[in-house]
Amino acid sequence: ELQRRGTFRRLEADFDVISKVMSLWAFHQRQTLEDNEPAKSSSLPVLKKAASLLQGVLVKLLPGRLLERLEEFQESEVLVRIALAAVHNNAQLRLQLAVN
């Protein structure tokens, strides 16, 4: 990766990226569901990119911070599912969360 270390953590700490992406998700999910042809909705690529960004941010957070964010968004099924997928795919993060 050509990205600087800590970029996702800094973005989350300074700009609350998770909250902003969740707002974006809610809007585009509604757009997709209201579309006459949801499978061809222009919001689908945005939803895919948002899920990818969320997964990237969640994997880079420190385990304690990840648990805090999951507590804050425990009502958001989308975020919980993305976080679980991210944790499942990352053995080191799985171990760190188990310790915490």
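Two residues are in contact when heavy atoms of one lie within 4.5 Å of heavy atoms of the other. That definition is needed further on, where the cover over one helix is described. The model discussed here is predicted.

The protein has six helices and zero strands. Read along the sequence, the pattern is α-α-α-α-α-α. The C-alpha trace spans about 45 × 30 × 20 Å along its principal axes. Of the 100 residues in the protein, 32% are buried. The exposed area comes to about 7000 Å², and carbon and sulfur atoms supply 54% of that area. The protein carries 14 positive and 12 negative charges, and the mean positions of these two sets are 9 Å apart. Among contacts with a separation of 6 or more, 63% are between residues 24 or more positions apart.

The interior comes next. In soluble globular proteins, nonpolar side chains tend to be buried together. Here the largest nonpolar core has 22 residues, and those with the most contacts inside this core are Ile-18, Met-22, Leu-54, Leu-58, Leu-66 and Leu-79. Helix H2 (17–34), H3, helix H5 (77–88) and helix H6 (91–99) each supply at least two residues of the core. The largest share, six residues, comes from H3. Leu-58, one of the residues with the most contacts inside the core, touches Ile-18, Leu-66, Leu-79, Ile-82, Ala-83 and Leu-93, not counting residues up to four places away in sequence.

Helix H4 covers residues 63–72, and Pro-63, Leu-66 and Arg-69 are buried in this helix. These residues are on the same side of H4, because they cover an arc of only 120° around the axis. What covers the buried residues of H4 includes helix H1 (7–15), H2, H3, H5 and H6.

Leu-66 can be followed in more detail. This residue lies in helix H4. Its relative accessible area is 0%, and Leu-66 therefore counts as buried, the cut-off being under 20%. Leaving aside neighbours within four places in sequence, Leu-66 is in contact with Leu-58, Leu-61, Val-87, Leu-93 and Leu-97. Leu-97 is 31 residues from Leu-66 in sequence, and the C-alpha atoms of the two are 8.7 Å apart in space.

Two other residues are partly exposed. Val-46 lies in helix H3, which runs over residues 44–60. Val-46 has 26% relative accessibility, so this residue counts as partly exposed. Not counting residues up to four places away in sequence, Val-46 touches Leu-24 and His-28. Trp-25 is 21 residues from Val-46 along the chain, and their C-alpha atoms are separated by 8.0 Å.

Asp-16 is found in the loop between H1 and H2. Asp-16 has 28% relative accessibility and so counts as partly exposed. What is notable about its backbone is the sign of phi: Asp-16 has a positive phi of about 50° although this residue is not a glycine.

Conventions:
Residues are numbered from 1 along each chain as its sequence is written. This is a predicted model: local features need pLDDT of at least 70, side-chain atom pairs count only at pLDDT 80 or more; totals for chains, interfaces and linings use all residues. Side-chain values use heavy atoms; hydrogens and water are left out. Helices (H or I, at least four residues) and strands (E, at least two) are DSSP runs, numbered from the N terminus. Buried means under 20% relative accessible area, exposed over 50%, partly exposed in between (1.4 Å probe, protein chains only). Accessible areas come from the Shrake-Rupley method with a 1.4 Å probe; for residues, only the protein chains shown count as cover. Lys and Arg count as positive and Asp and Glu as negative; His and the chain ends are not counted. The place of a charge is taken as NZ of Lys, CZ of Arg, CG of Asp or CD of Glu. A nonpolar core is a set of buried Ala, Val, Leu, Ile, Met, Phe, Trp, Tyr and Cys residues joined through side-chain atoms within 4.5 Å. The arc is that of the directions from the helix axis to the C-beta atoms.
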